[in-house]
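Visitor: I should be grateful for a close look at a single part of this structure. Please treat the surroundings of the ligands, and then place them in the wider chain.

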Amino acid sequence: MLRIAVPNKGSLSEVAAQMLAEAGYSGRRDGRQLVHTDARNGVEFFYLRPRDIATYVGSGALDVGITGRDLLLDSGSRAREIAELDFGDSTFRFAAPADTITDISQLAGKRVATSYPKLVDDFLRARGVEAELVKLDGAVESAVRLGVADAVADVVSTGATLRAAGLDIFGPVILESTAVLIGGPSEHADIERLLRRLRGVLVARKYVIMDYDLPVAQLEAATAVAGGIESPTVSPLKDETWVAVRVMVPANEANDIMDRLYELGARAILVTAIHAARL
Ligand SMILES: Nc1ncnc2c1ncn2[C@@H]1O[C@H](COP(=O)(O)OP(=O)(O)OP(=O)(O)O)[C@@H](O)[C@H]1O
Ligand SMILES: O=P(O)(O)OC[C@H]1O[C@H](OP(=O)(O)OP(=O)(O)O)[C@H](O)[C@@H]1O
Ligand SMILES: [Mg+2]
């Protein structure tokens, strides 16, 4: 059995569960279940706090896990990143009331509230800034208004929480974070299979299939517009001056590519979704 740690709560949990479902795994039936076995796929899921996942994986108690890069680095665990998972994107930033602190050098001797003390300490130490860290569990944006800190260091996604708290970002980006698959000392043979499945989900989400008919003479030009992963599939049509072409293209470029192919003479351009993939 491959033992997998997945977030039980927080912003990563639902998206991670959805991704595993799309990868063909069964999941827990209700939000309080701590363990779920998917015997058919030979995996066991452990639903844990996202912050604790790196600890379990780094120690070898579990084989792999899904967590945030920021949480992995803050944990100090020996777990390592295996792959980015394309969700849970955030940046980790300093913020303070407008015009009070505008550079990290001004943090010397100041109080910085954060839920990620190791991440912030490592960052400031590397830059020779000695600040006092105030460790909080969450909602750190309130710490300045409530007088327990002069600045905060926290996860920023849209920036709405900072704005609502009257704080402005300052200083360099501490970290660009994203959800990641992490591994530890375990060399379980099934890790590769899980990774292939997750990559398949990412491909299925990111790409679409494009089919179109094209005058043969335009094939080179059309391939330059959409070259596919390996190379386009080209099939004969009854009219020998035309071919049918099938190619995978990034979903967010599909309309632009359709316009350009149309201008080259392509017709009957159809786009369809991919439900699953192994590249
Ligand atoms: N608003 C957000 N947008 C995108 N990613 C986020 C956001 N908030 C947190 N994250 C990411 O989600 C991961 C876990 O944070 P999350 O807030 O879910 O955990 P938590 O704070 O321990 O849980 P909770 O908020 O339920 O107490 C981190 O990697 C973080 O970067
Ligand atoms: O930039 P935004 O889009 O506003 O998102 C960032 C906020 O989201 C997270 O909070 P969460 O809801 O996890 O609460 P927490 O602070 O208690 O962890 C994070 O800690 C920030 O506070
Ligand atoms: Mg949170």
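Guide: The account below begins with the ligand shells and then turns to the domains, a helix and two loop residues. The model is a predicted one.

Around ligand 1 there are 15 residues, and G10, S11, G68, S90 and S157 are the closest of these. Sorted by class, this shell comprises four nonpolar, eight polar and three charged residues. Two helices, α2 (50-58) and α3 (69-75), each contribute at least two residues to the shell of ligand 1. The shell also spans a division in the chain, since at least three residues come from each of domain 1 (2-87 + 178-188) and domain 2 (90-176).

Ligand 2 has 13 residues around it, with G138, V155, S157, T158 and T161 coming nearest. S157 is thus listed among the closest residues of ligand 1 and also among the nearest residues of ligand 2. In the shell of ligand 2, four residues are nonpolar, seven are polar and two are charged. Strand β9 (151-156) and helix α5 (160-164) each provide at least two residues of this shell. The largest share belongs to β9, with three residues.

The domains deserve a fuller description at this point. The assignment divides the protein chain into domain 1 (2-87 + 178-188), domain 2 (90-176) and domain 3 (207-273). In the contact between domain 1 and domain 2, five residues come from domain 1 and six residues from domain 2. On the side of domain 1 that touches domain 2, one residue is nonpolar, one is polar and three are charged. The C-alpha centres of domain 1 and domain 2 are 28 Å apart.

UniProt supplies annotations of its own. An unreviewed entry gives "domain: ATP phosphoribosyltransferase catalytic" for residues 49-200. In the model, the C-alpha atoms at the ends of residues 49-200 are 26 Å apart, and the span is 27% helix and 32% strand. The annotation "domain: Histidine biosynthesis HisG C-terminal", likewise from an unreviewed entry, is listed by UniProt for residues 204-275. For residues 204-275 the end C-alpha atoms lie 6 Å apart, with 29% of the span in helix and 40% in strand.

Helix α1 (residues 13-22) offers a view of the packing. Its buried residues are A16, A17, M19 and L20. Viewed along the axis of α1, these buried residues fall within an arc of 160°, and therefore line one face of the helix. The general geometry is relevant here: an α-helix has 3.6 residues a turn, so residues three or four places apart point the same way. The buried residues of α1 pack against the strands β1 (2-7), β4 (64-68) and β11 (179-183), and against helix α6 (191-206). Just after α1, G24 adopts a positive phi of about 95°.

Two further residues have positive phi values without being glycines. D86, with a phi of about 65°, is located in the loop between β5 (80-84) and β6 (90-97). There D86 is partly exposed, having 16 other C-beta atoms within 10 Å. D99 also has a positive phi of about 65°, and is situated in the loop between β6 and β7 (111-114). D99 counts as exposed, because 8 C-beta neighbours lie inside 10 Å, and the exposed class requires 12 or fewer.

Notes: Residues are numbered from 1 along each chain as its sequence is written. Chains are lettered from A and ligands numbered from 1 in the order in which they are written. This is a predicted model: local features need pLDDT of at least 70, side-chain atom pairs count only at pLDDT 80 or more; totals for chains, interfaces and linings use all residues. A residue is buried if 20 or more other C-beta atoms lie within 10 Å of its own, exposed if 12 or fewer, and partly exposed in between; C-beta atoms are placed from the backbone. Helices (H or I, at least four residues) and strands (E, at least two) are DSSP runs, numbered from the N terminus. The arc is that of the directions from the helix axis to the C-beta atoms. Two residues are in contact if their C-beta atoms, placed from the backbone, lie within 7 Å. UniProt positions are given in the numbering used here, feature names are shortened, and annotations may be inferred rather than shown by experiment. A residue is near a molecule or strand if its C-beta atom, placed from the backbone, lies within 6 Å of it. Ala, Val, Leu, Ile, Met, Phe, Trp, Tyr, Cys and Pro count as nonpolar, Asp, Glu, Lys and Arg as charged, and the others, Gly among them, as polar. Domain bounds come from an automatic or database domain assignment.
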